[in-house]
Amino acid sequence: QVQVVESGGGLVQAGGSLNLSCTASGSAHRMLGVDWYRQAPGKERVNIARISSGGFTTYSSSVKGRFTISRDHAKDTVYLQMHGLQPEDTGTYFCYAELDNGAIARPYWGQGTQVTVSL
């Protein structure tokens, strides 16, 4: 059973930084394209960053210039470095990863990690 797992969330003051990680556990696989989504309280889940298997990145306008998505293929892990955090960045951050087991590639959601930014 493959699982996508996020970690690194927490409580931080405005202007602070956090580093989120996304990895997958379970049967053998290769992580392909990965997206980070954010869901603020009472709002829809929105895409904020994406990295392709080749390392190409895109960002939403709300995080561009403050967040950086990167990956370590050797560790099969994708990171989201977040700087200059503001209260409006508060929410649950989800990793959406396409995993290839050698026969088929399919996307998986993680369970999310909570980020809370206080004034």
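**Strands, core and disulfide in a predicted model**

Setting aside neighbours within four places in sequence, Val-117 touches quite a list of residues: Val-12, Gln-13, Ala-14, Leu-85, Gln-86, Pro-87, Asp-89 and Thr-90 are in contact with it. The model behind this picture is a predicted one. Val-117 itself sits in strand E11. With a relative accessible area of 6%, Val-117 falls under the 20% cut-off and therefore counts as buried. One of its contacts, Pro-87, is 30 residues away along the chain, yet the two C-alpha atoms are separated by just 4.7 Å.

Turning to the sheet, four strands come together in an open arrangement, ordered E1-E3-E8-E7, with antiparallel pairing. Strand E1 (3-7) and E7 sit at the edges, each of them pairing on one side only. From one strand to the next, the twist averages 15 degrees.

Inside this sheet, strand E3 (residues 18-25) has a partner on either side. Its antiparallel pairing with strand E8 (residues 77-82) runs over six bridges, while E1 and E3 pair, again in the antiparallel sense, over five bridges. Thr-23 shows up in both pairings: its bridge partner in E8 is Thr-77, and Val-5 stands opposite Thr-23 as well. The side chains of E3 split between two faces. Leu-18, Leu-20, Cys-22 and Ala-24 make up the covered face, whereas Asn-19, Ser-21, Thr-23 and Ser-25 are on the uncovered one.

Cys-22, from that covered face, is also half of a disulfide. The count for the model comes to one disulfide, and it joins Cys-22 to Cys-95 with an S to S distance of 1.9 Å. Since Cys-22 belongs to strand E3 and Cys-95 to strand E9, the bond ties together parts that lie 73 residues apart in sequence. The torsion about the S-S bond is about -70 degrees, so this disulfide is left-handed. As for exposure, Cys-22 has 0% relative accessibility and so counts as buried; Cys-95, with a relative accessible area of 0%, is buried too.

Then there is the nonpolar core. The largest one holds 26 residues, and those with the most contacts inside it are Trp-36, Leu-80, Met-82 and Tyr-93. Several strands feed into this core: E3, strand E4 (30-39), strand E5 (45-51), E7, E8, strand E9 (91-100) and strand E11 (113-118) each supply at least two of its residues. Leu-80 gives a good idea of how these pieces meet. Not counting neighbours within four places in sequence, Leu-80 is in contact with Trp-36 and Tyr-93, as well as with Leu-18, Asn-19, Leu-20, Ile-48, Ala-49, Phe-67, Thr-68 and Ile-69.

Ile-48 turns up again in the surroundings of Ser-60. Leaving out neighbours within four places in sequence, Ser-60 is in contact with Asn-47 and Ile-48. Ser-60 is found in a loop, the one between strand E6 (57-59) and strand E7 (67-72). Despite that loop position, Ser-60 is buried, because its relative accessible area of 18% is under the 20% cut-off.

Terms used. Residues numbered from 1 in each chain as written. Predicted model: local features only at pLDDT ≥ 70, side-chain atom pairs only at ≥ 80, totals over all residues. Heavy atoms only, no water. Buried < 20%, exposed > 50% of the residue type's maximum accessible area, 1.4 Å probe, protein only. Contact = heavy atoms within 4.5 Å. Pairing = 2+ DSSP bridges. Axes fitted to C-alpha atoms, helices over the stretch in contact; angles between N-to-C directions. Core = buried A, V, L, I, M, F, W, Y, C linked by side-chain atoms within 4.5 Å. Disulfide = S-S within 2.5 Å.
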